Amino acid sequence: MTGKQALTQSRAAQDSPPAAGPGVMHCAFVHAPDPFYANTQNYGAQFMPVWAYTLAAHIPDDGHFELSLYDARFDAVDDIQTADVYLFSAVNQDYAKLVQTREQLARRHAGACFIVGGPICWSFEQAGDLNKLADFDHVCIGDGEENLPEILEALRLGKDLQPVLRAARRFDLALARPMHQGLLEAGLKRYYGAVLEVSRGCPFLCEFCDVRILPDNNRAHNKPPELIVAEIDQLCRSGVGEVLFACDNFIGEPRWAEAVVDALIAWQSRSGFRPSLYTWLTINIHKHDRLLQKMRRAGFDLLFVGIESFSENSLLETAKVQNAAPEMVAAVRTIQSYGFIVVAGLIFGFDSDGEDCFDLTLDGLREAGLLSGDPSLLTALPGTPLFRRMKLTGRLRRVRYGLGGFKYQTNIKYLMPQERMVAGYRYFISRYNGGRYQYQRLRRFLELLAHGGRFIAIEGGGYGNMGRLLRLIFANRAATRQLLQRAWRFAAHPSNLVFAFRGLWLLRRYPGLSGRLRFYQFWLFAWSNAVLKYQNLSDDDFDLESVGPDFDMRDLIPPDYAETADEAIPRHKIAAQIRATEKQLARLVANARSAD
Ligand code: B12
Ligand code: SF4
C-alpha cells in the first residue's frame, strides 16, 4: 500500500454497500497548520491532528461516508484527492495557511463543499472577524462530535444549511469515542508519540485566558478513566511510547485526576506497558502529595505549568491567584522534587511588570531549578476580559493573525515603553542563554531531586525521547537543517561547550539518581532550543507598541469594565476576577499619582 492509500480508510469499502438513496460521500480532513510554527517551533517533532481522529470517530459507520486525512506538513496539497467535502480546522495563527490551502483546493475541485471548525472559528467570532472565513461554505463553532455527523448527513441528502453552524452545547465527554482507529494507525509513525485528549475546561479565572470564556468551559469536563485507559492501551499496542494528555488543566477536578492515575497504574501492571506522559496542570498540584506520587508511578514525566510571572503583582493583576501565594518558588520546587520536569509558561508585558521583571524571572527560574521556560509576550485573545479591558481603554492594536513575519508581535499597547520592553527582553535572553546561568539551573534541579527526599523514578524512557526525535528529524530535510543550525549556533560560543561538558561532569555527583542522563539531555535540548531561537535576536524581530507619554494612568481601569462582562459563568466568579484585577491596577494608579 502506498502512503497515500494508507491514509485513506474507506468505511464504505469495509462495510456493506450503502442503502438506497444518495451515494457515498467522500469527506477529506485537511490539517494545514502555519508552516512557520510547524517548521521551526517544534524542533522536528510534529503532533498529530487530534481533531480529525476525534471527529472521524463520530461520523456514522453506515457505509455512506468515505474518510481520508491529509496533513499539509507531509502531504503536498496537489496530491489531495477529489472529495465531496473538505473539512478544515485551525488555531488563529494558522489563518494564512488555512485560506491558502482552501483556495488551492477550490481551484481544482470547484464543486466541493468547504467546511471549517476549531478554535479559530470561536475566536474570530469573538473578535468580530468571522467574515474572514466567509470563503468557506460553512463555519462550525463549538464542539463537533454531535454537529458534524448531522451536517454531513444533511449535505449528503442535499439539504440547505446555514453558513454559520453552532454546536448546541458542549459535548458530554462521557459519550466520547476512541479516536478513529483506521486513520490514526495509518499516519501514526509521522508524529511524535501521540496526543490523547483527556479533559476540557478549567475552573480558574485568569484575565488573559480564553479557556474560561468558551461556553461551559469554566469547569472540568472529563473523559471516563476507562476510556482513557482503553485508548492508551491501543496506542501502546501500535508502538507509541510517549503520550501527551491534552487538556486545559489535568487537575481541574483532582478526584477525577486521581481516578485516571489509579486506572493507569492498574492497567500498567496488567499490560506491562510503561508509556511516558506529559500534561498541563496548575501549580496548586503542589498541595496534592498523594496524587503527585501516583502520577510519577503512572509515568508522568513532563508537566506544563503556567507560571506566567514571578511578580506577585502581575499575578494578582491577571487574577492568577493560585500562583500568587508568596511561596511560588517553593511550590515549583515541591513539584519538581518528585522527579517531574516542570515546563514553565512565562509571560512578559503585564501592566504591573516593572523593569525588574526580567531579573525577577531569571532569579525565579534559577531558584526554582527550572530546566525549561520559554517566555512569551502578553497578547489579548479575543473574547477574554483582557481583550475587553484593552478595547475599552483604546489599547488594542490591529495586527494580522499569525506572526506577520516577526518573532514577536502583540495586539496590545504595553505600559512599559516599547524600547525598554525590547531592551529588557533582549537583556533577559542574553543572560538566559549564558552557560553559567544554565549550569546553575541544572545543578539546582539535580540537587533538589537527589536531596529533596521525594524523588520517584519512572519506569518508561521519559517523554523527551531523543532517539525517537532524531529519527523524525532525519526524516525531514528542514528539521535536519535546523538541527545543524542548532549545533552551529551553540558551538559558536565555546563557553557553551564548556558548560555543557561541566553539566555532564556534574552527573557524576549523583550516581544513584535514576534517569540523570535523561534530565541532562532535556536541559541541553531546552537550552540549545533557546540558543537556536534567540541567539541572533535583533530589534527588527519585534513589532511592539506601548501607550504614549501622555497616557493618563487613571484610564488603566475602564469604568465599565465590570458591567460589560457577559461571560456565561457564575457572576460571583466574574466579580472575583474583576476585583483582583481592579485592586492591583488601582495600586498602580496610586503609585503613579504619588510619583507625580
Ligand atoms: C495539545 C495542544 C497543543 C499541542 C499539540 C497540538 C496538536 N496538534 O495536537 C502543542 C503543544 C504542540 C500546541 C501548540 C500550540 N498551541 Co495548542 N493546544 C493544545 C490543546 C491543549 C489541546 C488541543 C486538542 O487536541 N484538543 C482536542 C481536540 C479534539 O479539540 P479541538 O481541536 O478544539 O476540536 C474540537 C472542536 O474545536 C471542534 N472542531 C475542531 N475542528 C473542527 C472542524 C470541523 C469541520 C468541525 C465541525 C468541528 C471542529 O470539534 C472538536 C471536537 O469537539 C488546546 C486546548 C484545548 N483544550 O483544546 C490548545 C490550543 C489549541 N492551543 C492553542 C495555541 C495558541 C497554541 C500555540 C499557538 C501556542 C504557541 N504560542 O506556540 C501552538 C500552535 C500549534 C499549532 N499551530 O499546531 C490555543 C489556540 C487558540 C486560538 N484560538 O488560536 C488553544 C485552544 C489553547 C487556548 N485556549 O489558548 N498545542
Ligand atoms: S489556569 Fe490556565 S487554563 Fe485555567 S484559566 Fe488560568 S491560564 Fe486558563
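Two strands are said to pair if DSSP finds at least two bridges between them, and by that rule E8 and strand E11, which covers residues 242–246, pair in the parallel sense over four bridges. The model described here is predicted, and this briefing looks at the sheet that holds these strands, then at the surroundings of two ligands, and lastly at a pocket.

**The sheet**

- Six strands make up an open sheet with parallel pairing, and their order across the sheet is E8-E11-E12-E13-E14-E15.
- The edge positions are taken by E8 and strand E15 (374–377), each of which has a single partner strand, so one side of each is left without a neighbour in the sheet.
- On average, and with direction ignored, neighbouring strands of this sheet are turned by 25° against each other.
- Within the sheet, Ala194 stands opposite Val243, a residue of E11.

**Around ligand 1**

- Ligand 1 is surrounded by 33 residues, and the closest of them are Ser89, Asn92, Glu145, Asp210 and Asp248.
- By class, this shell consists of 17 nonpolar, nine polar and seven charged residues.
- A nitrogen atom of ligand 1 is 2.8 Å from an N or O atom in the side chain of Asn92, while for the side chain of Asp248 the distance from a ligand nitrogen to an N or O atom is also given as 2.8 Å.
- For the side chain of Asp94, an N or O atom is 3.4 Å from a nitrogen atom of ligand 1.
- The elements that give two or more residues to this shell are helix H4 (50–56), strand E4 (85–89), strand E5 (113–117), helix H6 (119–127) and strand E8 (194–197), and H4 gives the most, with four residues.

**Around ligand 2**

- The residues around ligand 2 are Cys202, Phe204, Leu205, Cys206, Phe208, Cys209, Asp248, Thr282, Lys320 and Gln322.
- Sorted by class, the shell around ligand 2 has six nonpolar, two polar and two charged residues.
- Asp248 is listed among the residues around ligand 2 and is also one of the closest residues to ligand 1.

**The second largest pocket**

- The second largest pocket holds about 370 Å³ of space, and its lining is made of 19 residues, of which Gln126, Ile213, Gly383, Asp566 and Glu567 lie nearest its centre.
- H6 and helix H15 (385–392) each supply at least two residues of this lining, and H15 gives the most, with four residues.
- By class, the lining of this pocket has nine nonpolar, four polar and six charged residues.
- Helix H6 thus appears both in the shell around ligand 1 and in the lining of the second largest pocket.

Methods: Residues are numbered from 1 along each chain as its sequence is written. Chains are lettered from A and ligands numbered from 1 in the order in which they are written. This is a predicted model: local features need pLDDT of at least 70, side-chain atom pairs count only at pLDDT 80 or more; totals for chains, interfaces and linings use all residues. Side-chain values use heavy atoms; hydrogens and water are left out. A residue is near a molecule or strand if one of its heavy atoms lies within 4 Å of it. A polar contact is a pair of N or O atoms within 3.5 Å; within protein, one must be able to donate a hydrogen and the other to accept it, and residues adjacent in sequence count only if both atoms are side-chain atoms. Ala, Val, Leu, Ile, Met, Phe, Trp, Tyr, Cys and Pro count as nonpolar, Asp, Glu, Lys and Arg as charged, and the others, Gly among them, as polar. On a 1 Å grid over the protein atoms alone, a cavity is a set of points where a 1.4 Å probe fits but cannot get out, and a pocket is an open set with protein on both sides within 12 Å along at least five of seven lines; lining residues have an atom within 4 Å of a point. Grid points are joined across faces, edges and corners, and a volume is the space filled by probe spheres set on the points. Axes are lines fitted to C-alpha atoms, for helices over the stretch in contact, and angles run from 0 to 180 degrees between N-to-C directions.
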